[in-house]
Amino acid sequence: MSDQKYLLNQLLDQMANYLLTGREIEFSECVLEWYRKEYSCEQTPKPEPTDLKRLAVKASIMERLVEVLNAAPRSGHEAAPAWCKEVGAVAQPIKLQSDRLLEDEELCEAFNKRNLQVVKNFMYFI
């Protein structure tokens with residue numbers, strides 16, 4: 001694995017860890033680092049075999065990152081890695097944000113299709 005792909009894999013793993021442990025500030029800082037360094041989403045290698053929950057979180061992060069980076073005013077030209085299409089949903093819904101934030105809110109489709117719950121505008125801080 002090239003140094004760049006190793007770095008992308010490590011950063012994605014770190015983002016998933018932060019999101020799964022409720023550390024949204026640290027997660028946000030990783031997303032900002034990705035944006036500032038202009039990393040390519042499509043070049044992110046498929047994660048090593050892991051449990052479906054972690055894999056679903058990683059695929060959802062990548063798909064959402066692509067949406068956010070391609071949205072105005074950024075107008076990027078990102079694409080999700082091909083492996084994201086292979087990742088299915090977890091069996092039971094998992095809330096990745098607090099009940100207070102999720103209450104009466106629409107959910108983000110990139111996560112919701114895998115039974116993961118975050119608000120619709122999740123990650124729109126960059």
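Of the 126 residues of the chain, 43% count as buried, where buried means under 20% relative accessible area, exposed means over 50%, and partly exposed lies in between (1.4 Å probe, protein chains only). The model is predicted, so local features need pLDDT of at least 70 and side-chain atom pairs count only at pLDDT 80 or more, while totals for chains, interfaces and linings use all residues. Residues are numbered from 1 along each chain as its sequence is written, and side-chain values use heavy atoms, with hydrogens and water left out.

**The whole chain**

The chain contains five helices and two strands, which appear along the sequence in the pattern α-α-α-β-α-α-β; helices (H or I, at least four residues) and strands (E, at least two) are DSSP runs, numbered from the N terminus. The chain is as compact as a globular protein of its length, because its radius of gyration is 14 Å, close to the 14 Å that the globule rule gives for 126 residues. That radius is taken over C-alpha atoms, and the globule rule is 2.2 Å times the number of residues to the power 0.38.

| Property of the chain | Value |
|---|---|
| Box filled by the C-alpha atoms, along the principal axes | roughly 40 × 35 × 25 Å |
| Contacts with a separation of 6 or more that join residues 24 or more positions apart | 67% |
| Exposed area (Shrake-Rupley method, 1.4 Å probe) | about 7100 Å² |
| Part of the exposed area supplied by carbon and sulfur atoms | 47% |

Contact here means heavy atoms within 4.5 Å.

**Helix α2**

Helix α2 (residues 24-36) has 13 residues and reaches 18 Å from its first C-alpha to its last, close to the 18 Å expected at 1.5 Å a residue, the expected span being 1.5 Å times one less than the number of residues. Within α2, Phe-27, Ser-28, Cys-30, Val-31 and Trp-34 are buried. They lie on the same side of α2 because they cover an arc of only 160° around the axis, an arc taken from the directions from the helix axis to the C-beta atoms. On the other side of α2, Ile-25, Glu-29 and Arg-36 are exposed, whereas the buried residues of α2 pack against α1 (3-20) and α3 (52-70). Glu-38, which follows α2, has a positive phi near 55°.

**Thr-44 in the loop**

Thr-44 is found in the loop between α2 and α3, and Thr-44 counts as buried because its relative accessibility is 2%. A polar atom of the Thr-44 side chain lies 3.0 Å from the backbone oxygen of Cys-41. Leaving aside neighbours within four places in sequence, Thr-44 is in contact with Leu-8, Leu-12, Trp-34, Met-62, Pro-81 and Trp-83.

How values were computed:
A polar contact is a pair of N or O atoms within 3.5 Å; within protein, one must be able to donate a hydrogen and the other to accept it, and residues adjacent in sequence count only if both atoms are side-chain atoms.
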